[in-house]
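Biologist: I'm new to this one. Could you show it to me and explain how you back up the words you use for it?

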Amino acid sequence: MAPPTLCILRETPTNRYSLNAVAALVEAARVAWCPARSARDLEAAAAPGTAVLYSFMTPDLERVRGEVGALRPRLPGVRWVAGGAHPSADPEGTLALGFDHVFVGEAERTLGPFLAARDGPAVIRDPEGGPAELDPFPALSEARPGPVEITRGCRGGCRFCAVGRRRVRHRSPEAVLAAAGPMVAAGRRVIRFITPDALAYGGGLGAVEELLKGLRARGAEPVLGTFPSEVRPERVTPEAAELVARLCHNRTLVIGGQSGSDRVLRLLGRGHTVAEVVAAARNAAGAGLRPHVDVIFGIPGETPDEQAATVELCRELHRGFGARIHAHYFHPLPGTPLWEADPEPLYPETEAFLVGAERAGYLDGSWRDQIALARRIREWAERGWIGRAGRLGG
Ligand code: SF4
């Protein structure tokens, strides 16, 4: 089989940031690429010898399965390639969707050789799990400006999360500035970041300050600690909040709160307390930043009283500090320690609160969709679409 003459990056609203980095890797392999924003675009662009790259998460499973199942018979000679969070957690199940190759985990050192080679194995892993450093690899393609990944991995062990329990690597300030430079020069001065724990960049606030000052000196308006990054509550000290308020463009801080129960926070392996969530909101508000606090309802093992405590925490954060609440409903993700666990129900009092707070304008989030999603994920597993091999990666 000849090397692909073209890579088609199947773009969706949920994967465009990861495709920015994939595009850079494809360019480094000297292979042309184009995006496909619909199945129709994909079909029009594909030809024998083309590789079609999907990067997707578990909520997209049914859509991806349907699309690949429909297109594959109509596009002979195309290679179907998957990567990202879901394929990494369930490579065998992903192959069974109709893919020829699945990249597990980080692809900086595996995608280029795959594209250059005549063929590759069905499941492709970096034996070391990825590069030791991020700097040798571009954060994103210049043709696809967007948020710059400054930190990858997280030492946290949150049991619902697929990002945790992975070694942490930071992109150096010089490499971040190099990635941001072309965007600033093109007039995109607002620079956002991808990081699971924004205030931990570089190992401490000194590194965060150096990065932010370097960006501002080059005309950028950095946005740190809000979408697509967030902060852990114990890091939102008065000094950290003041730093963000002084050097960043954003006036909100997204804080991972998750529960109003210390017992549930321990069950989740969060490593912080409810009091630290309250202190984080207080410190953010004190610096002039609006706290936007993530909470999860229906966490496995959560009692009705503990769910009510999360509702009360939301009220307290809003009343005391003007916080906005970002509400989630627990849905199990393959490759996480809570994959086998079912969510607790959303109790009527909780639902009444969520609806009321939405109407009052201080609560957002996809909690309704996630109730249905949790059910669908279980159905997909029962149908054998997830975990066919009886084991999951992650
Ligand atoms: S939820 Fe955040 S802090 Fe916890 S493991 Fe995931 S990335 Fe780390």
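Modeller: Here are a few questions and answers about the chain; keep in mind that this is a predicted model.

Biologist: What makes the protein chain as compact as a globular protein of its length?

Modeller: First, the inventory: the chain has 14 helices and 15 strands. The globule rule gives 21 Å for 394 residues, and the radius of gyration here is 22 Å, close to that value, so the chain counts as compact in that sense. Along its principal axes, the C-alpha trace spans about 65 × 55 × 35 Å.

Biologist: How much of the protein chain is made up of buried residues?

Modeller: They make up 52% of the 394 residues, where buried means under 20% relative accessible area.

Biologist: Why is the set around V148, V236 and L317 called a nonpolar core?

Modeller: The name fits because such a core consists of buried residues of types like Val and Leu, joined through side-chain atoms within 4.5 Å. This one is the largest, with 61 residues, and V148, V236 and L317 have the most contacts inside it. Setting aside neighbours within four places in sequence, L317 touches V277, V278, A281, V293, G322, A323 and I325. Apart from that core lies another, of 27 residues, including L42, Y54, V68 and V104.

Biologist: How do you know that contacts join residues far apart in sequence?

Modeller: Take the contacts between residues at least 6 apart: 74% of them join residues at least 24 apart.

Biologist: And what about charge, how many side chains of each sign are there?

Modeller: There are 48 positive and 46 negative ones, and the centres of the two sets lie 3 Å apart.

Terms used. Residues numbered from 1 in each chain as written. Predicted model: local features only at pLDDT ≥ 70, side-chain atom pairs only at ≥ 80, totals over all residues. Heavy atoms only, no water. Buried < 20%, exposed > 50% of the residue type's maximum accessible area, 1.4 Å probe, protein only. Contact = heavy atoms within 4.5 Å. Helix = DSSP H or I, 4+ residues; strand = E, 2+ residues; numbered from the N terminus. Rg over C-alpha atoms; globule rule 2.2 N^0.38 Å. Lys, Arg positive; Asp, Glu negative; His and termini not counted. Charge placed at Lys NZ, Arg CZ, Asp CG, Glu CD.
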